[in-house]
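User: I would like to go through this model and ask what stands behind each label. Please set each value against its criterion.

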Amino acid sequence: TAIPPDSVRSASGSSVGLALGRGTLVVLLLGGLASRALAADVPASPFRGARIPNGAVAGDADGTAIEMNPGQLGALTGASGALVVDHWDRQVRRPGRGGALMLGAPLAFGTSLGAGFHWLRPTQPTTIHDYQKLQLGLGVRLGRGAGLGFAWERIFSSGMASVNSLSFGLGLQFGPILSVGAVVRDVGRPN
């Protein structure tokens with residue numbers, strides 16, 4: 001029997017659409033991996049806190065939002081906390097060595113509060129050794145799965161002058177597997 005031309009066109013159109021959808025998914029996944037690799041190559045700032053394993057600027061909102069993306073604070077649906085301990089030998093040259101306690105909680109009228117305290121002992125020779133970081137942040141819900149926020153950060157130690165910095169973030173979650181985030185860090189940081 002012969003296949004009518006309309007069914008051939010329909011089958012090829014749906015396969016093209018399926019291939020296009022798969023190609024888009026691959027590009028998004030590879031783009032996410034590339035951006036994570038690029039973020040790992042950024043030189044250490046004294047304002048970076050404890051290293052959060054698999055931390056990302058987009059995704060689920062939780063207590064680590066105060067460090068990763070203050071915009072995610074606005075998307076918090078309940079109170080969340082994180083205790084991070086990232087300790088390794090002094091010979092390993094990496095930033096973020098130390099520990100941190102980070103908390104986030106919704107308040108009222110679509111606002112959320114975040115706080116973090118870090119005890120840091122980085123092992124890079126060009127960074128300050130043994131210092132603390134205090135963070136306070138506020139996020140505002142812009143809609144379902146969207147938030148805008150900022151975090152004030154203060155570095156202090158007995159061996160250096162205290163310095164302040166601000167970070168601003170935006171977080172958008174379009175669904176359970178697709179989210180986007182953007183962060184501007186170290187605004188007002190002394191050079």
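Analyst: Helices are DSSP runs of H or I with at least four residues, and strands are runs of E with at least two. On that basis the chain has 2 helices and 7 strands. Their order along the sequence is α-α-β-β-β-β-β-β-β. The model is predicted.

User: What makes residues 65-68 a helix?

Analyst: A helix needs at least four residues. Helix 2 covers residues 65-68, so the run meets that minimum.

User: Why is the contact between K133 and E67 called a salt bridge?

Analyst: The criterion is a Lys or Arg side-chain nitrogen within 4 Å of an Asp or Glu carboxyl oxygen. For K133 and E67 the closest N and O atoms are 2.8 Å apart, so the pair qualifies. K133 belongs to strand 4 (residues 131-143) and E67 to helix 2, so the bridge ties together parts 66 residues apart in sequence.

User: What makes E153 and K133 a salt bridge as well?

Analyst: The N to O distance is 3.7 Å, and the cut-off is 4 Å, so this pair also counts. E153 sits in strand 5 (residues 146-157) and K133 in strand 4, 20 residues apart. By this rule the count comes to 2 salt bridges.

User: How do you know that K133 and E153 are buried?

Analyst: Buried means under 20% relative accessible area. K133 is at 0%, so the label applies. E153 is at 1%, so it is buried too. Salt bridges with shared partners join E67, K133 and E153 into one network. E67 is also buried.

User: Which side-chain contacts does Q135 make with E67 and E153, and why are they called polar?

Analyst: Polar contacts require N or O atoms within 3.5 Å, one able to donate a hydrogen and the other to accept it. The side chains of Q135 and E67 are 2.9 Å apart, so that contact is inside the limit. Q135 and E153 meet at 3.4 Å, so theirs is inside the limit as well. Q135 lies in strand 4. Its relative accessibility is 0%, so it counts as buried. Leaving out residues up to four places away in sequence, Q135 touches several residues, including I66, H118 and W152.

User: How do you know that strand 4 pairs with strand 3 and strand 5?

Analyst: Pairing takes at least two DSSP bridges. Strand 3 (residues 111-120) and strand 4 share 10 bridges in the antiparallel sense, so they pair. Within that pairing, G116 stands opposite Q135. Strand 4 and strand 5 have 11 bridges, also antiparallel, so they pair too. There, L136 has W152 as its bridge partner. Strands 4 and 5 form a hairpin with 2 residues between them. In the turn, G145 has a positive phi of about 75°.

User: What makes L138 eligible for the nonpolar patch, and how is it classed by exposure?

Analyst: Patch residues need over 30% relative accessible area and no salt bridge. L138 has 31%, so it passes the area cut-off. Buried ends at 20% and exposed begins over 50%, so L138 is partly exposed. L138 is in strand 4. The patch comprises L107, L113, L138, F150, F168, V184 and V187, with about 570 Å² of accessible area together.

User: Why is D62 called partly exposed?

Analyst: The value is 27% relative accessible area, between the 20% and 50% limits, so D62 is partly exposed. D62 is found in the loop between helix 1 (5-40) and helix 2.

User: What makes D62 and T64 a polar contact, and which residues does D62 touch farther along the chain?

Analyst: Their side chains are joined at 2.5 Å, and the limit is 3.5 Å, so the contact counts. Not counting residues up to four places away in sequence, D62 touches L76 and S80. The C-alpha atoms of D62 and Q72 are 7.7 Å apart, at a sequence separation of 10 residues.

User: What do the totals for the chain say?

Analyst: Buried residues make up 30% of the 191 residues. The chain exposes about 11300 Å², with 65% supplied by carbon and sulfur atoms. Among contacts between residues at least 6 apart in sequence, 48% join residues at least 24 apart.

Key
Residues are numbered from 1 along each chain as its sequence is written. This is a predicted model: local features need pLDDT of at least 70, side-chain atom pairs count only at pLDDT 80 or more; totals for chains, interfaces and linings use all residues. Side-chain values use heavy atoms; hydrogens and water are left out. Buried means under 20% relative accessible area, exposed over 50%, partly exposed in between (1.4 Å probe, protein chains only). Patches are made of residues with over 30% relative accessible area and no salt bridge: like charges are joined within 9 Å, nonpolar side chains (Val, Leu, Ile, Met, Phe, Trp, Tyr) within 5 Å. Accessible areas come from the Shrake-Rupley method with a 1.4 Å probe; for residues, only the protein chains shown count as cover. Contact means heavy atoms within 4.5 Å.
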